[in-house]
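User: I should like to understand the reasoning behind the terms applied to this model. Please set each value against the criterion that it has to meet.

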Amino acid sequence: MRLPAPAPGPAAPPDGPEDRVARFATIWSRAIFPVTATSFTRLELEEYLVPPARALAAALLAQPFDAAAAQQVGEGLVAAHCTDPEALTQTLGVVDSYLVLYCGPDSREEAEEYRARCARLQHHLAAGFARALRERTLGEQEAIARSALTARSDAQQALHASEARFRAVFEGAAIGIGIADLDGNVLEVNEALTRMFGGMDDHVKGRNVCDWGHPEDAPHVWRMYGELVRGEREHYRVEKPYYRHDGTVLWTNLTVSLLRDAQGRPQYQLALMEDTTERRLLNLRLRYEATHDALTGLPNRTLFFERLEKVLAARGGRFGLCYLDLDGFKAVNDSLGHAAGDRLLVEVADRLQSCATRPGEMVARLGGDEFVALTTAPEGSEEVIDLAVRILNALSVPVRLEGRELTVRGSIGIVEGPAGERGAAEVLRSADITMYRAKGAGGNRFELADAEADARAITRHGLTNALPAALERGEFFIEYQPLVHLHDGTVHGAEALVRWSHPQYGVLGPDRFIPLAERTGLIVPLGRWVLEESVRQARAWQRDNGPLRINVNLSPTQLHHPGLVADTVAVLEDSGLAPGSLCLEVTESALIGADDELLEPLRRLAEIGVDIALDDFGTGYSNLANLRRLPVSVLKLDRSFTQGMQRLPADPVDVKIVEGIVALAHSLELAVTVEGVETGAQAAQLRALGCDTAQGWYYARPGAPDRIHALALADAVPTRS
């Protein structure tokens with residue numbers, strides 16, 4: 001339950017953590033003081049509640065999360081004589097309404113997780129309260145039982161006094177008390193027990209104990225009963241349900257003791273009953289709230305993991321799992337609002353439930369727009385695929401929301417296999433990776449888990465996590481590939497190519513980590529480091545060997561970075577390298593459809609003398625007329641246009657294409673560089689076509705900076721087929 005905010009008091013939580021805990025304790029004490037039979041004043045009760053409030057706040061924020069501390073808080077309430085059921089109800093209401101508000105994190109993105117934690121804390125608090133109250137009640141029951149036994153054994157010495165004392169205890173007790181003979185016939189009951197069974201004396205008195213069997217009785221209940229009436233056991237305690245006369249169920253904590261006569265022979269049985277029905281219902285409600293999603297009513301991550309772990313523990317069986325993520329759900333939230341997004345999630349949940357109706361199938365919501373469907377004991381992957389197809393078909397029907405029809409799409413990762421080989425976390429990780437593979441393939445589809453694809457994804461994830469530390473530890477280095485003048489064969493400059501010396505995987509090329517750096521934003525500091533090192537090296541070459549240029553690749557993310565121009569100018573000024581000795585390479589695909597705002601940094605760099613090269617020219621399907629508006633001075637021809645020239649005779653189509661591109665570039669006063677030159681025949685043909693510079697394995701492979709002038713001039717591939 002949620003409680004209204006107290007008045008007076010601030011609308012927002014106090015600033016400091018201790019202030020927040022103290023405010024929470026104040027609200028808590030005000031809620032339970034009116035229903036607490038304690039000797040504390042209200043302020044003393046508030047002071048008593050500060051440590052438990054602090055413990056709840058610490059448990060809420062703990063990593064890893066452990067709700068066990070809340071049990072001690074519940075036990076502490078009973079120790080303070082806050083034993084009225086209303087005190088527990090008020091406490092749970094305060095925790096539900098104010099714990100996350102006053103003691104939780106400030107970030108709204110984590111609100112759902114901490115609301116779920118709060119629900120589990122309530123569950124454990126109530127469990128601790130119930131256990132402490134039960135132990136206290138059992139102590140009272142033992143005292144009552146001892147009084148009864150004492151009264152019976154002293155009957156001959158002080159019959160009247162003993163009978164009066166027993167009768168007072170019997171009639172005035174808050175717990176139910178009944179006496180039966182050894183055949184199970186109920187001889188006498190007190191008023192409390194009569195009320196438990198509906199208030200009619202004949203519903204209990206005169207009945208036989210054996211008539212109160214219940215389907216949920218534990219197997220040992222009646223075994224211990226038999227031992228007691230035979231005199232083999234003095235007492236036993238169990239949790240036992242009873243059917244009332246109207247068919248409802250009464251749950252009790254039952255203690256049965258054997259009463260013996262003066263000679264020690266078994267004579268009667270004494271039953272003490274505590275009504276735990278309301279407490280049990282409360283525990284069931286808290287358990288439901290802790291294991292079900294509040295929005296959709298589906299099982300949540302907690303219950304799903306319990307079920308999955310149970311399925312995986314059953315060796316010899318099989319399982320199938322479909323991990324679903326909605327495609328484009330963020331756009332719904334952003335355009336229609338979160339309330340509309342919530343309604344869409346409810347509709348999706350209803351449709352998923354309608355798909356998973358076969359025995360052994362269940363659906364759960366893991367959080368956000370992620371759902372999972374589990375099927376047990378499938379015959380093979382066909383049954384799991386069938387479940388995925390049913391889900392996609394159910395989602396394909398448009399949803400009417402906010403006066404418009406929305407098409408819902410989803411990507412599903414499927415994991416199917418024998419139980420007992422993998423843990424729940426490993427299975428879910430594989431399904432998650434597979435789901436993103438389906439999403440990357442266009443979405444609105446499913447993919448089957450593949451061990452090799454999982455391994456690649458895990459490796460990529462590991463590399464992504466290692467990137468920041470790798471830059472700090474200096475694990476990156478640069479190799480340089482010479483750029484050669486085609487007309488005289490002299491070294492014109494070099495292209496800087498970054499490498500990663502990974503401690504586990506060895507030397508990695510840029511294709512293994514540059515896309516990861518792009519996605520994480522680390523490409524900006526990495527790119528600046530490459531620029532600084534390359535420019536410093538170029539300046540060192542110039543001091544030793546005369547003018548040499550350095551080509552540095554510029555990623556699309558760097559192109560959009562607002563500090564590109566300032567960083568480049570600062571690096572040039574710090575090193576003393578002339579702007580004309582630096583060429584920044586930008587891929588053609590990065591400039592397709594570029595507007596003036598995107599081109600402005602390149603124009604400013606070109607104005608101060610930095611050359612801009614259009615890399616991989618011919619692969620971006622751009623309009624050749626766009627070359628006139630791009631601030632480029634070099635076209636770097638993609639190797640796909642010149643591969644046909646590696647062998648003799650050269651491909652005439654490739655020759656004509658390159659000849660046309662060179663003529664167009666020179667007419668626009670652009671130099672032409674060719675990459676991927678691997679044979680002498682290829683170099684000669686490109687020189688004859690008028691290309692200006694070239695690079696490739698024919699001249700030299702990328703290497704250390706001191707080998708920039710060590711040209712191989714050897715064919716890297718056979719020149720004749």
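The exchange below takes up a sheet, two helices that pack together, and a further strand with its partners.

Analyst: Please note at the outset that this is a predicted model.

User: What makes β2 and β3 the edges of the open sheet?

Analyst: The five strands of this open sheet follow the order β2-β1-β5-β4-β3, and their pairing is antiparallel. Both β2 (186-189) and β3 (235-243) have a single partner strand, so one side of each lacks a neighbour in the sheet. From one strand to the next, the twist averages 30 degrees.

User: How do you know that β1 and β5 pair?

Analyst: Pairing requires at least two bridges between the strands. Strand β1 (residues 176-181) and strand β5 (residues 266-275) are linked by six bridges in the antiparallel sense, so the criterion is met. One of the positions involved is A180, whose bridge partner in β5 is Q269.

User: Which helix touches β3, β4 and β5 and makes about 135 degrees with β4?

Analyst: That is helix α9 (residues 277-291), which packs on the sheet. Helix α8 (residues 219-229) lies across β3, β4 (249-260) and β5, and its direction runs at about 125 degrees to β3.

User: Why are α1 and α4 called roughly antiparallel?

Analyst: Helix α1 (residues 17-32) packs against helix α4 (residues 85-103) at an angle of about 160 degrees, their axes being 9 Å apart. Angles over 145 degrees count as roughly antiparallel, and the two helices therefore receive that description. The crossing of α1 past α4 is right-handed.

User: What is the character of the residues in the contact of α1 with α4?

Analyst: They comprise 14 nonpolar, two polar and two charged residues. Among them, α1 contributes F24, I27 and W28, while α4 contributes V94, Y98 and L99.

User: What makes β11 mostly covered?

Analyst: A residue is buried when its relative accessible area is under 20%. In strand β11 (residues 409-418), seven of the ten residues are buried, and the strand is accordingly described as mostly covered.

User: How do you know that β11 pairs with β6 and with β12?

Analyst: The threshold is again at least two bridges. Strand β6 (residues 318-327) is joined to β11 by ten bridges and runs antiparallel to it; F319 has G417 of β11 as its bridge partner. Four bridges join β11 to strand β12 (residues 445-448), and these two run parallel. There, I414 is partnered by L448 of β12. Both pairings therefore satisfy the requirement of at least two bridges.

Notes:
Residues are numbered from 1 along each chain as its sequence is written. This is a predicted model: local features need pLDDT of at least 70, side-chain atom pairs count only at pLDDT 80 or more; totals for chains, interfaces and linings use all residues. Side-chain values use heavy atoms; hydrogens and water are left out. Axes are lines fitted to C-alpha atoms, for helices over the stretch in contact, and angles run from 0 to 180 degrees between N-to-C directions. Contact means heavy atoms within 4.5 Å. Angles under 35 degrees count as roughly parallel, over 145 as roughly antiparallel, 65 to 115 as roughly perpendicular and the rest as oblique. A crossing is left-handed if the near helix is turned anticlockwise from the far one by less than a right angle, and right-handed if clockwise. Ala, Val, Leu, Ile, Met, Phe, Trp, Tyr, Cys and Pro count as nonpolar, Asp, Glu, Lys and Arg as charged, and the others, Gly among them, as polar. Buried means under 20% relative accessible area, exposed over 50%, partly exposed in between (1.4 Å probe, protein chains only).
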